[in-house]
Amino acid sequence: VIPGDKPPGEYAGGHWRPMKGWDRFKRQLPTEDELAGWDTWPDAGIAVVAGSLSGIVAVDFDHRPDLHPVIATLLPETPVKKMGVKGLTW
């Protein structure tokens, strides 16, 4: 991920730019070579593509802090919870 941002990016020629074709990772996992290359990109963030391939499901609820406690009682426990500026992701 582009440092300090959310979009998938790529680093080439000393510059970050949006990653074209990143949505292929909805259908296939990255190769070992891709992972090794990404590991060299300076200050890169990490993204996870949720869905059947990764086996990861996320519930993101924003802009209604009054509903957060109610929604939290409806969801099972999860190993990862994130609170951001706009809301919660479990």
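**Strands, rings and salt bridges: a working chat**

Modeller: Tyr 11 stands opposite Trp 16 in strand 2. Keep in mind that this is a predicted model.

Colleague: Which strand pairs with strand 2, and over how many bridges?

Modeller: Strand 1, residues 9-12. The two run antiparallel and are joined by 4 bridges.

Colleague: How many residues sit between the strands in that hairpin?

Modeller: The hairpin has 2 residues between strand 1 and strand 2. Gly 13 takes a positive phi there, near 60°.

Colleague: Back to Tyr 11 and Trp 16. Which cluster do they belong to?

Modeller: Ring pairs link them with Phe 25, Trp 38 and Trp 41.

Colleague: How many aromatic pairs are there?

Modeller: The count comes to 5. Take Phe 25 and Trp 38: the ring centres are 5.5 Å apart and the planes stand at 80°, so that pair is edge-to-face.

Colleague: Where do those two lie in the chain?

Modeller: Phe 25 is in the loop between strand 2 (15-18) and helix 1 (32-38), while Trp 38 is in helix 1. The pair therefore ties together parts that are 13 residues apart in sequence.

Colleague: And Trp 41, how does its ring meet Trp 38?

Modeller: Trp 38 and Trp 41 make a tilted pair. Their centres are 6.4 Å apart, with 45° between the planes.

Colleague: Is Phe 25 buried or exposed? Same question for the two Trp residues, Trp 38 and Trp 41.

Modeller: Phe 25 is buried, at 12% relative accessibility. Trp 41 counts as buried too, at 19%. Trp 38 is partly exposed, at 26%.

Colleague: Why does 19% still count as buried for Trp 41?

Modeller: Because buried means under 20% relative accessible area, and Trp 41 is at 19%.

Colleague: OK, switching to charges. How many salt bridges does the structure hold?

Modeller: It holds 4 salt bridges. One of them joins Glu 34 to Arg 24, with the closest N and O atoms 2.1 Å apart.

Colleague: Where are those two residues?

Modeller: Glu 34 lies in helix 1, and Arg 24 lies in the loop between strand 2 and helix 1. So the salt bridge ties together parts that are 10 residues apart in sequence.

Colleague: Glu 34, buried or exposed? And what about Arg 24?

Modeller: Glu 34 is buried, with a relative accessible area of 17%. Arg 24 is partly exposed, at 28%.

Colleague: What does Arg 64 form a salt bridge with?

Modeller: Asp 66. The closest N and O atoms are 2.9 Å apart. Arg 64 is partly exposed, at 42% relative accessibility.

Colleague: And which residue forms a salt bridge with Lys 81?

Modeller: Glu 77. There the closest N and O atoms are 3.2 Å apart. Glu 77 is exposed, at 66% relative accessibility, whereas Lys 81 is partly exposed, at 41%.

Colleague: Which ring does the charged end of Lys 81 sit over?

Modeller: The ring of Trp 90. The charged end is 4.2 Å from the ring centre.

Colleague: Now the sheet. What is the strand order?

Modeller: The order is 3-5-4, with 3 strands in an open sheet and antiparallel pairing. Strand 3 (60-62) and strand 4 (82-83) are the edge strands, and each pairs on one side only.

Colleague: How many bridges between strand 3 and strand 5?

Modeller: The two pair over 3 bridges, in the antiparallel sense. Strand 5 covers residues 87-89.

Colleague: Which residue of strand 5 stands opposite Phe 61?

Modeller: Leu 88.

Colleague: What about the surface? Which residues make the nonpolar patch?

Modeller: Ile 46, Val 48 and Ile 56 make a patch of about 330 Å². Val 48 lies in the loop between helix 1 and strand 3. At 56% relative accessibility, Val 48 counts as exposed.

Colleague: Last one. Which helix holds Leu 74?

Modeller: Helix 2, residues 68-74. Leu 74 is exposed, at 66% relative accessibility.

Colleague: How far is Leu 74 from Gly 21?

Modeller: In space, 36 Å from C-alpha to C-alpha. In sequence, the two are 53 residues apart.

Key: Residues numbered from 1 in each chain as written. Predicted model: local features only at pLDDT ≥ 70, side-chain atom pairs only at ≥ 80, totals over all residues. Heavy atoms only, no water. Pairing = 2+ DSSP bridges. Phe/Tyr/Trp six-rings, centres within 6.5 Å; stacked < 30°, edge-to-face > 60°. Buried < 20%, exposed > 50% of the residue type's maximum accessible area, 1.4 Å probe, protein only. Lys NZ or Arg CZ within 6 Å of the ring centre and 35° of its normal. Patch = residues over 30% accessible without salt bridge, like charges linked within 9 Å, V, L, I, M, F, W, Y side chains within 5 Å. Areas by Shrake-Rupley, 256 points an atom, 1.4 Å probe, with all protein chains shown as cover. Salt bridge = Lys/Arg side-chain N within 4 Å of Asp/Glu carboxyl O.
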